Amino acid sequence: MFSKLKNPIDSHFLLSELSVITSESSEDLARKISKKINANFVKSQIKVFADGESKITLSGKISKRKSIVIQSINPPVDTNLIHALSLISKAKETSSEVIAVIPYMGYARQDREFLAGEIVTMKVLSKLFKGAGASKVVVVDIHSKIGLKYFSIKTKNVSAIPELVQHIKKLNLKNPLVISPDQGGKERAEGFAKELGSEYIALEKKRDRKTGKVRIKTKDLDEVANRDLILVDDMISTGGSIIKATQFLKKQKCRKVYVACTHALLMNDAERKIKKSGVIKIISANTIPGKTSVVDISKIITKAI
Ligand code: R5P
């Protein structure tokens, strides 16, 4: 890009315009984004003390004009949250503008008071990000847009679905059908199916708000028989939703079941349990690093910032 610039001083000026700052768990994705926008890359070294406190030391040049902090809030959630806020706060000491890119926004499922007395943690986060110094928050496929309405700074939700679909297309599926494991993901499944050029349906899932256990309420489904299925979700945590949905779909005599999701947290051996239930392959985006995170979303984030 800079070889096209006539004056080498111009390129030097541009290089110092932006910095990308990240902590360890989002480093791969942040490096890809930093390369695409020719930013100064600022990495963190983290030392965890015996009591669990993190000491973060940055290395690299923070730009005066704009910093982009890239940090998912994946497990350990509270640790990564404090890392993200600390990076934003440090960036704001030098940069006049700080954008927080939170590819996976932890706590996004706590966007409403489902049971009396529950704290809507997304409200708390909205204040913390602003207080730390961010002027805009960019997220990828947030669980629900309700979580973003609490922010008084700018927000943007970008979707990994087009990139996930490109990957699914290469699998040459037989008469594919996109399925959401619950009604809350109906719109997501619709968007996925539109990109793929296929049909979609959404199952009825019931989650016990006290135990967290899920069950599928949908009864017999004729349309899945003999078809390859793609279960689409925003995230997989314990795998409970996907496992219950797959067990149900397998009973309906479908062909292969694939899973496409944006954020694969895959807690407590979830990947093995999901495969055991009959899923052939899990495909996820690199909002969270991991074995299934084969879909790179650095391009879509670059466009959003
Ligand atoms: C719920 O509505 C979400 O979209 C996911 O389906 C859910 O959070 C996944 O969690 P788990 O893998 O623990 O069932």
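**Reading the confidence, the sheet and the ligand site**

Modeller: This is a predicted model, in which the mean pLDDT of the protein is 93 and 95% of its residues reach 70 or more. Over residues 1-13, however, the pLDDT is below 50, and beyond near neighbours in sequence this stretch has eight contacts in the model.

Biologist: What makes E8 and E9 a pair of strands?

Modeller: Two strands pair if at least two bridges are found between them, and four bridges join strand E8, residues 177-180, to E9, the two running parallel. One of the residues involved is Leu-177, whose bridge partner in E9 is Glu-199. The pair therefore meets the criterion.

Biologist: Why are E9 and E15 called edge strands?

Modeller: Six strands form an open sheet with parallel pairing, in the order E9-E8-E12-E13-E14-E15. Strand E9 (199-202) and strand E15 (293-295) each pair on one side only, and they are therefore the edge strands. Neighbouring strands of this sheet are turned against each other by 35 degrees on average, direction ignored.

Biologist: How do you know that helix H7 packs on the sheet, and which strands does H7 touch?

Modeller: Contact requires heavy atoms within 4.5 Å, and helix H7, residues 240-251, touches E8, strand E12 (229-236), strand E13 (257-264) and strand E14 (279-285). The direction of H7 makes about 165 degrees with that of E12, on a scale that runs from 0 to 180 degrees between N-to-C directions.

Biologist: Which residues come nearest to the ligand, and what makes the approach of Asp-233 a polar contact?

Modeller: Of the 14 residues around the ligand, Asp-233, Asp-234, Thr-238, Gly-239 and Ser-241 come nearest. A polar contact is a pair of N or O atoms within 3.5 Å, and a polar side-chain atom of Asp-233 lies 2.6 Å from an oxygen atom of the ligand, so this pair qualifies. An N or O atom in the side chain of Thr-238 is 2.5 Å from an oxygen atom of the ligand, while for Gly-239 a polar backbone atom is 2.8 Å from a ligand oxygen atom. Taken alone the ligand exposes 370 Å², of which the protein buries 91%.

Biologist: What makes the peptide bond from Pro-75 to Pro-76 cis, and where is Pro-76 found?

Modeller: That bond is cis, with omega near 0 degrees, and Pro-76 is found in the loop between strand E4 (66-70) and helix H3 (77-94).

Biologist: What is notable about phi of Tyr-107?

Modeller: Phi of Tyr-107 is near 75 degrees, a positive value in a residue other than glycine. Tyr-107 is found in the loop between strand E5 (97-102) and helix H4 (121-132).

Technical notes
Residues numbered from 1 in each chain as written. Predicted model: local features only at pLDDT ≥ 70, side-chain atom pairs only at ≥ 80, totals over all residues. Heavy atoms only, no water. Near = heavy atom within 4 Å. Polar contact = N/O pair within 3.5 Å; in protein donor to acceptor, adjacent residues only side chain to side chain. Areas by Shrake-Rupley, 256 points an atom, 1.4 Å probe, with all protein chains shown as cover. pLDDT = per-residue confidence, 0-100.
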